[in-house]
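Reader: I am in my first year and still learning how to read a model like this one. Could you take me slowly through a single part of it, and show me how that part meets its partner?

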Amino acid sequence: MVNGLNLAFQFLDSFAFVVLAAAGLAVIFGIMGVINLAHGEFILFGAYATTMSVTNLGLPLPAAMVVASLLTAGFGVVVERTIISGFVPNWIGQRTVGRDLIEPLYDRLADSMVATFGLSLVMVQSARILFGNSIDTVGTPFGNVAYGAFSYSTYRLVLAGISVLVLVAAYYLFTRTTFGTRVRATMQDEQTAKALGIDTERTYMLTFGIGSGLAGLTGALFAPVLSMQPTLGDQFLIEAFVAVVVGGPSVVLGTALSGGVLGAVSATVTNLTDSTTFGRIALLVAAILALRFLPGGITGFIERFQARRREEE
Amino acid sequence: MATDSASATDRGALARIRGRLEGPNTIGNSRGFWLGFAVAVLALAAFPVVGSGESFSLFLVLALLGLSLSLVWGYSGVLSFGQVVFFGVGGYTFGVVSINFPDATGITAAAIAGVVGGGVAAALLGYFMFYGGVRDVYVTIITLVTTMAMHTFMAQTAGSEWTIGEAPLGGFNGMPGIPLLELGIEGVASFQFVYNEMSLLGLFAFDPFYYLALALLLVTYLGLRVLVNSDFGRVMVAVREDQDRTQMFGYDVKRIKLLTFTLGGALAALSGVLYAARNVYISPPVFALWFATLPVIWVSVGGRKSLLGAVIATIAIEYFRLSVQGEMALVVLGAMLLVFILALPGGIVPWVAGKLSGSAVPVSELDDADAPGEVSES
């Protein structure tokens, strides 16, 4: 019973971590084909903004989280305009030398990776120069739930709930709204979408903004439970990539499913071996096996399965 | 190697050697290039007289790692974050074997074991991926995840149960006490390369390890030039440009990728062996994310379709990264990467070569083959 509860809590914990880490990246990578290695630093941005809104401005924690998410989204739009789409440098280039200076990084996986790695170096080091090697943390709200000899932070349960909410909201946004339809059209075929009158530039900009905002939200939510160091983004990056790629082409559903599967693997192994290190290794190995045997990710597998069933009927 | 010193007597042989070294897949096929190359090699050979060869040897060792990625990514189109896995496997294997057999014969065998170990690891991972039908970005992610799994695993090997023979893996603190690099056969002929000052005419003290690294780098570079300009190299490039079409022509694409990946792994492992030997120490940060990203950066900045670019960019970036101290160094490096990759996506060295040879084709057009956009049209 107690062990079962432990397992359940560990699962919720891993699930929330994987889903929240991946949410922003899933949107950016899945829709724009940009590998954002600065994803962890967007999370850092959100976490620092939250913490400093609370400690310096005296905002209540939930308000600080909202402010931080919006700030990160805004920062994301700036990054998209200056680096990813090259709009600002090209505008300057047109004015000064009469030609475009750079090409957009959309769908250029390797180049986007190097560029965003450069950005992440700049951001981590800037955070260190501006704020030092660590800043004060805000306390974890809500206290603990106790059972038997164990106790568990209520806030972690709240995180699991929020991760489900984020998934539902993203699912609604991308499948039930006009904006979502535009985004999916742009993702499937940019040329045709453009021909049908969709402003793909604007779609990309907003998508990147939403992805950054989600990363900022993740940072905001984890701000009370992490130590505030410039390198705090690192721990999110790999899990985020793994979850997105294992999830496959259907971005939101895939993230939910891979969060569930990888969370379960990680929680079970952590529970069996009593070591989070082995839980993490199991998660990584599970991801490697999933990529090898389900090349289209989990949702790609489901789609193929459904297509086969339709053919048989 | 003295291909440029054209003496009249064996002109035919020289031309033959030069013919094998040159081709469309490498930059620098002119007499002027080889002249500059000879000057550069001589300058590197003379460098310890003015600078510190002991610290510069690190960049030469890492250039081998850069070359391994240039081969795998630049010439066969397999973007691998796993080169540091084979680098680390090579280094750790060298450490374990040499600590257990700390004499010249043992250490020589350890170096060979390290290179073979890295090659075998690459062959296993490559077989698992390429023959399982894993392609493109999924290969990149699998290699990245493998690196992270190795990092997590090696960091927890602190306990005494993780001891192989006499050699404790040491967890996050790493494996100290790797014996000094001594190559040869114990009691017959052997020479110690690390911390063994050699003096020339009693005037200058030299670090022999520097010359070992330089010689290996030179041989590897020229060897890879021969390889990428051979028939096999042409097929490698064909795989990079269009995998499906190459397969339609009847080439075994999987085997070609596996062979290249294995060779790249062995090369990365050689770099790892030299790294461990130079530092007499190796630790899990060689599997860390930032270290795994470094080769990708060197090769991107230098020009991934150019072996020379990989070498030059590795040496330049590492020299800059390690010599410019102070807190602004990383900011400058990050900004530099951003600017270079945005302004010169084909890399610096191909751009410079294009300018020098007055080629009319702009670099951006040379590099278009990598954009997945054109794949979707087919």
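Author: Chain B of this predicted model contains 15 helices and 8 strands, and of its 378 residues 48% count as buried. If you consider the contacts in chain B with a separation of 6 or more, you will find that 73% of them are made by residues 24 or more positions apart.

Among the strands, strand 4 (residues 182–185) and strand 5 (residues 189–192) of chain B run antiparallel and are joined by 4 bridges. Within this pair, B:Ile185 stands opposite B:Ala189, a residue of strand 5 of chain B. The two strands form a hairpin with 3 residues between them, and in that hairpin B:Gly187 takes a positive phi near 80°.

A positive phi also appears at another place in chain B, where the residue is not a glycine: B:Val280 has a value of about 40°. This deserves a pause, because most residues other than glycine have a negative phi. B:Val280 lies in the loop that leads from helix 10 (253–279) to strand 8 (281–282) of chain B. Why does B:Val280 count as partly exposed? The reason is that B:Val280 has 17 other C-beta atoms within 10 Å, whereas 20 or more would make a residue buried and 12 or fewer would make it exposed.

Let us now turn to the partner, chain A. The contact between the two chains takes 38 residues from chain B and 38 residues from chain A. On the side of chain B that touches chain A, at least two residues each are supplied by helix 5 (104–130), helix 6 (136–155), helix 11 (289–302) and helix 13 (329–343) of chain B. Helix 6 of chain B gives the most to this side, with 11 residues. Sorted by character, the residues of the side of chain B that touches chain A are 28 nonpolar, 9 polar and 1 charged.

The largest nonpolar core has 209 residues, and those touching the most other members are A:Ala22, A:Phe241, A:Val242, A:Leu262, A:Ala287, B:Leu67 and B:Val145. Helix 1 (residues 2–32) of chain A provides the largest share of this core, 19 residues. One of the residues named above, A:Phe241, is worth following a little further: leaving aside residues up to four places away in sequence, A:Phe241 touches A:Leu25 as well as B:Ile141 and B:Leu144.

Conventions. Residues numbered from 1 in each chain as written. Chains lettered and ligands numbered in written order. Predicted model: local features only at pLDDT ≥ 70, side-chain atom pairs only at ≥ 80, totals over all residues. Contact = placed C-beta atoms within 7 Å. Nonpolar A, V, L, I, M, F, W, Y, C, P; charged D, E, K, R; others polar. Pairing = 2+ DSSP bridges. Core = buried A, V, L, I, M, F, W, Y, C linked by C-beta atoms within 7 Å.
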